[in-house]
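Here is my note on the structure you asked me to look over. The points are numbered so that you can reply to each in turn.

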Amino acid sequence: MANVEHGGRAGGAFGAGATESAKARLRTIRIGLWLIAAVLAVRQVAVVLSTPKGERLTDLETWVGPEGVLHVKGSLYDSTQFTGTPFGGLVLKPLTRAAEQGLGWGWTFGSLSLVVALGVVAARALPQPVSRRTSLLAAPVAISLLMLSLPVRNALYLGQTSIIPVLLVLLACFTVRGERASGVLIGLAAALQPTVLLFAPLLWFTGRRRAAVSGALTFAACTALAWAAMPHDSHTYWVHHLAGVGLGRDADDLTNQSLHGALLRLGLNGPLEIGLFLLLGAGVAVLGLRRAVRYAKDGQLLLAVAITGCVAVAVSPTTWQHQLLWVLLALVGRVGRKASDRAMWPVAVILVMTLPAKMMLPNMAAVYPLRDNVVLLAALAAATVVPFLSRTSEYYRAPIPTDYAESVPTRWKRVPLLPFLGRVRTRPNLLLELLLIRVGYSAYQQVRLAATGGTNAGGRAAAEHHGDQILAIERFLHLDIEHWANHAVFKVEWLRDFFDFYYESFHFVVPLTVLALLYTRRPGDYRWARSALGFATLIALVGFWLYPLAPPRLMPGLGVIDTVHGVQDFSKPDYGTLTALTNQYAAMPSLHFGWSLWCGLVIAILAPKWWMKALGLLHPLFTVSAIVATGNHWVLDAVGGAAVVAAGFGLTYLLQGPRPRPLVRPVEAGAKEPAPATGARAAGRADGPAAARWKFPRRVPRGVPAGAWKAAVRTARRTAPRTATRTVRRVVRRADPAPARRRSGTRAAVRRPGPRGRQGRSVGGCPCLPRDGPTDAGRPSARAGAGVSRRRPGVP
């Protein structure tokens, strides 16, 4: 179907046949998603049960194991290892009689069952209206996301009960009938996790007052029951520890993603920190609950539940990682009027909830406060800031569509064009681009390290053996200039310093600058260039994995001097300041040269001035000189870098189609020169540099009807220059098919030929046509409006 869509060929299957094909395709996708969810579930079980007994289900073992706190006489909170409520301890008490092995298996499979139930309930609770396709695919997607999320993985690994309160709340809001039964479930959830009581105001202000009262009474009854059974423990939890504050790890630990923990990590403590926490918590609670009530009345109850849960995450004194599941539910909200912006919020939430914070933000001291509190910031944003669309908004179901360029034929019959790589003419969401670039670079770092077993020194023998192979090939080809270039540059201090600075500084600065300029000035070309760079980097990662290679500076006995990092100790090679960031044996292909060549080609193709093109092509020349002179790469590494860049552009052309050619954009009033635009509908049909010189005059030519002229200009601006010439001539002629001469009495008002001569005359009073127009361009004007004379003022 992708071939038919992009190739413009008739499909041959319409009506009932097309419907059956769509149903079969949907059925296949659904089965595939359920298989993915099953594989993820099996993986989680395997990870938990394959872990040694002393390391898996550590929290559950701490509670109900042979030496657990529930076996020990005295208070549950003497060791501060038990972080649950007294009612939770009362519920878990019967589990102490279970066998250790049976408890581990039963708890793991029981937790997986709860996750599946949670995903199914959340999928059925999506805000209406939803399409049939979404309703069929939502459940496996939700279960897969839950399996991948850090809170679920942490709860399964530690043996926590944090999934139960979330499931009870969802069952109360979407499954159980009757307000009293709903209130009972929410009260039980609050007895296990006290901040769930925030759902009582949500129920009250949305008209479900019986459920709110029933929930509060159930919570009070469960707490009173635990107090009667364990009065000392209840007093310790509720009075001494103020609802669990200080239990478990330290409150300023990174895993405590609450406002209280964030303030402690910022260095605040004492009465000031407590007062500020209470003030901020009250503000977040009021604002978040107001938003939740508004979205609940709007018909988005699942979003309201997620916002209330995010408020509970923020205002709780301690919110550990396994209690952060509420934030994942917030991705159901729709944000953005444009279709291209809809993916921003869900992608950000998924990345925050499935990846470690170190992959989201760089390892820089300036961003530590953001990195350490990234989940809390996501919860606060969902609760107070993110402008979720109302169901009454005209953009809720029909966002502003993305402006795609005209589709092009596929390269080969069996290679379809990828829809998500379509030639979009508008710039993508900036935050989403930055987020994906950061995550992609983190994955790039992890793959480079994993290629040598996860350590910088791993795979040294294989890398040095491959280095001998490369050296032998270069000697055979007479390309072994590394030793000569290295020593020649080392003797000239200013040249050595220049190449060292160039090698260290321009590797990231230039590509990021080029991407930034393309994003702001050439959005259509930005996607094309970004895709080529991404494909090239992915191919290079495969090379790092399959062929670890020692650079010349790390080859013993070669005599190459490391001018950047100093003399190397071959007993323990060091990569200087980049040891913790990169794999020192990721040399083939050279991305230093590959990225610089990408920059040079992009600048040479898109730059409007010849000196800009020349300056862009100098960057890969300086880069290849720097990587060889500093001893960081072989000459053949640069050849490999050029090969992956060529493959990146080739894959982009194969899967995305040709680059949108620069065409005309409308000339604004007062503009002196036309600015080239990208991604027009007639992409690929521009006539070279002439398109950039195309210009329409600001005024309507004399004697041409204004309506006909505007219609001609609107049509011509969407086409290439030669097509525009024919379009203007055709439209203006159709506007007034009067004879070629206007008569006033017996004399004909015939326009004189223009100063350019026969080839330079304008057509129909249209001075914008190219100079290479047809020979009939200078004929007497036949485009003047009816009754309009071509005579000059004062001439009879």
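1. In this predicted model, R30 touches L136 and L137, once the neighbours within four places in sequence are set aside. R30 belongs to helix α2, which spans residues 16–50. The C-alpha atoms of R30 and P140 lie 7.7 Å apart, although 110 residues separate the two in sequence. R30 is partly exposed, because its relative accessibility is 35% and the partly exposed class runs from 20% to 50%.

2. Q300 sits in a loop, with α14 (270–297) on one side and α15 (301–315) on the other. Is Q300 buried or exposed? Q300 is buried, with a relative accessible area of 0%. Its side chain makes a polar contact of 2.9 Å with the side chain of D298. Beyond four places in sequence, the contacts of Q300 are P127, Y295, L389, S390, R391 and Y396. These names are worth having at hand when you look at this loop in the viewer.

3. How many salt bridges does the whole structure hold? The search finds three. In general, side chains of opposite charge can pair when their charged atoms come close. The three pairs are taken in turn below.

4. R522 and D525 form a salt bridge through their side chains, at 3.1 Å from N to O. R522 is buried because its relative accessible area is 14%, under the 20% limit. D525 is buried as well, at 0% relative accessibility.

5. R371 and D372 also form a salt bridge, and here the closest N and O atoms are 4.0 Å apart. The cut-off for a salt bridge is 4 Å, so please keep that limit in mind when you cite this pair. R371 counts as buried at 12% relative accessibility, whereas D372 is partly exposed at 22%.

6. The side chains of D480 and R475 make a salt bridge too, with an N to O distance of 4.0 Å. D480 counts as partly exposed, at 34% relative accessibility.

7. A nonpolar patch on the surface is made of F498, W610, W611, L615, L618, L621 and F622. Together these residues have about 750 Å² of accessible area. Which element gives the largest share of the patch? Helix α27, residues 610–629, supplies six of its residues. One residue of this helix is L618, which is partly exposed at 35% relative accessibility. L618 can be in the patch because residues there need over 30% relative accessible area, and L618 has 35%.

8. A last point concerns confidence. The protein chain has an average pLDDT of 74, and 66% of the residues score at least 70. Over residues 574–581 the pLDDT stays under 50, and the model gives this stretch 15 contacts beyond four places in sequence. Residues 739–796 also have a pLDDT below 50, with 84 contacts in the model beyond near neighbours in sequence. Please state these values for residues 574–581 and residues 739–796 wherever the text discusses contacts there.

Note on methods. Residues are numbered from 1 along each chain as its sequence is written. This is a predicted model: local features need pLDDT of at least 70, side-chain atom pairs count only at pLDDT 80 or more; totals for chains, interfaces and linings use all residues. Side-chain values use heavy atoms; hydrogens and water are left out. pLDDT is the predictor's confidence in each residue, from 0 to 100. Contact means heavy atoms within 4.5 Å. Buried means under 20% relative accessible area, exposed over 50%, partly exposed in between (1.4 Å probe, protein chains only). Patches are made of residues with over 30% relative accessible area and no salt bridge: like charges are joined within 9 Å, nonpolar side chains (Val, Leu, Ile, Met, Phe, Trp, Tyr) within 5 Å. Accessible areas come from the Shrake-Rupley method with a 1.4 Å probe; for residues, only the protein chains shown count as cover. Helices (H or I, at least four residues) and strands (E, at least two) are DSSP runs, numbered from the N terminus. A polar contact is a pair of N or O atoms within 3.5 Å; within protein, one must be able to donate a hydrogen and the other to accept it, and residues adjacent in sequence count only if both atoms are side-chain atoms.
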